[in-house]
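Me: I have a model open on my screen and would like to understand the words used to describe it. Could you take me through them?

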Amino acid sequence: MALQAASLVYSAFVVPKEGKSSASLKESSLLGVSLSDHVKADFSSSTLKWKREFNQRVRTVRAQSMATATPAVNRASSDGKKTLTQGCCIVTGASSGLGLAAAKALAETGKWHVIMACRDFLKAERAAKSAGIAKENCTIMHLDLASLDSVRQFVETFRRSGRALDVLVCNAAVYLPTAKEPTFTAEGFELSVGTNHLGHFLLSRLLLEDMKKSDYPSKRLIIVGSITGNTNTLAGNVPPKANLGDLRGLAGGLEWAKQLSYD
């Protein structure tokens, strides 16, 4: 509509060509109002200036129209491939092992910006530098999956960054097979259950809304499983075997949460 209105305004005037007298200006009107004689006399001298300003405005309107019609982050072309910007992938536990290898492989493509979500910020920083991950392709953010408050804070911080989320890789885990006594999270859950399962569950649940807004054609949530919990593998049979026992840790955490709600 803005372009059409501008075109109508422009067509209401007859612009004299160079070398011709302004007397050839035809009787014209704008929105039904006739131009007075003194306006006609002044018009020819300011026509070229007005035309330049008008063309500039048209270009501005066209640019604004295209910006409105096109998503602010236009990642998908007609063939379904990312074209304009990097994708964004969060990898938990990216300071070592499979998480670090995944972060390095994604960042090296240049097509992904990797959020390294780690409990130990300095360890992650050293790991990224040692692995040769370019700073422009990664961001290290603090995330302690053993604390549900930390999970919520991580999500809030990520959203303030303004980045869209295309892929979430839930990789972090703790494994304490030789511990004599169980340890617990701040919320009262057994540490392995709270970190490996409940922390990731809350993280995924909160970030699903962000992933739904992504226009990346292959957005996905990836849960990494460990062979240490699979008794069909050699690693899964190395004693003491990883298991959830009788779920006393889960029950204890739920009871703690119940008491907290009463308080």
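Reply: Happy to help; we will go through the sheet, a few residues and a pocket, bearing in mind that this is a predicted model.

Me: Let's begin with the sheet. What makes strand 3 and strand 4 a pair?

Reply: Two strands pair if there are at least two bridges between them. Strand 3 and strand 4 (residues 112-118) are joined by six bridges, so they meet that cut-off, and they run parallel. One contact to look at is G87, whose bridge partner in strand 4 is W112.

Me: How do you know that strand 6 belongs in the sheet, and which strands does it pair with?

Reply: Count the bridges again. Three bridges join strand 3 (residues 87-92) to strand 6, and four join strand 6 to strand 7 (residues 220-223). Both counts satisfy the rule of at least two bridges, so strand 6 pairs with strand 3 and with strand 7. On the strand 3 side, I90 has L168 as its bridge partner; on the strand 7 side, V167 has R220.

Me: What is the order of the strands in the sheet, and why do strand 5 and strand 7 stand at the edges?

Reply: The five strands form an open sheet in the order 5-4-3-6-7, with parallel pairing. Strand 5 and strand 7 each have a single partner strand, so one side of each has no neighbour in the sheet. Ignoring direction, neighbouring strands are turned by 15° against each other on average.

Me: How do you know that strand 5 is paired, and how does the chain get there from strand 4?

Reply: Five bridges join strand 4 to strand 5, which run parallel, so the rule of at least two is met. Within this pair, M116 stands opposite I140 in strand 5. The chain crosses from strand 4 through helix 4 to strand 5, and this β-α-β crossover is right-handed.

Me: Which other elements make a right-handed β-α-β unit?

Reply: Strand 6, helix 6 (residues 191-212) and strand 7 make one.

Me: Why is V151 called buried?

Reply: Buried means under 20% relative accessible area. V151 has 0% relative accessibility, so it counts as buried. You will find V151 in helix 5 (residues 148-160). V151 and H200 are 49 residues apart in sequence, with 8.5 Å between their C-alpha atoms.

Me: And why is L176 called partly exposed?

Reply: Partly exposed is the range between the 20% and 50% cut-offs. L176 has a relative accessible area of 44%, so partly exposed is the right label. L176 sits in the loop between strand 6 and helix 6. From L176 to L191 is 15 residues in sequence and 9.1 Å in space, C-alpha to C-alpha.

Me: Which way do the residues of strand 6 point, and are they buried or exposed?

Reply: V167 and V169 point one way, L168 and C170 the other way, and all are buried.

Me: Last, the second largest pocket. What makes up its lining?

Reply: The lining residues are F121, E125, A128, K129, I133, K135, C138, T139 and I140. Helix 4 (121-131) and strand 5 (138-142) each supply at least two of them, and the largest share, four residues, comes from helix 4. By class, five are nonpolar, one is polar and three are charged. The volume of this pocket is about 200 Å³.

Methods:
Residues are numbered from 1 along each chain as its sequence is written. This is a predicted model: local features need pLDDT of at least 70, side-chain atom pairs count only at pLDDT 80 or more; totals for chains, interfaces and linings use all residues. Side-chain values use heavy atoms; hydrogens and water are left out. On a 1 Å grid over the protein atoms alone, a cavity is a set of points where a 1.4 Å probe fits but cannot get out, and a pocket is an open set with protein on both sides within 12 Å along at least five of seven lines; lining residues have an atom within 4 Å of a point. Grid points are joined across faces, edges and corners, and a volume is the space filled by probe spheres set on the points. Ala, Val, Leu, Ile, Met, Phe, Trp, Tyr, Cys and Pro count as nonpolar, Asp, Glu, Lys and Arg as charged, and the others, Gly among them, as polar. Buried means under 20% relative accessible area, exposed over 50%, partly exposed in between (1.4 Å probe, protein chains only). A crossover is right-handed if, with the strands pointing away from the viewer, the path from the first strand over the helix to the second runs clockwise. Axes are lines fitted to C-alpha atoms, for helices over the stretch in contact, and angles run from 0 to 180 degrees between N-to-C directions.
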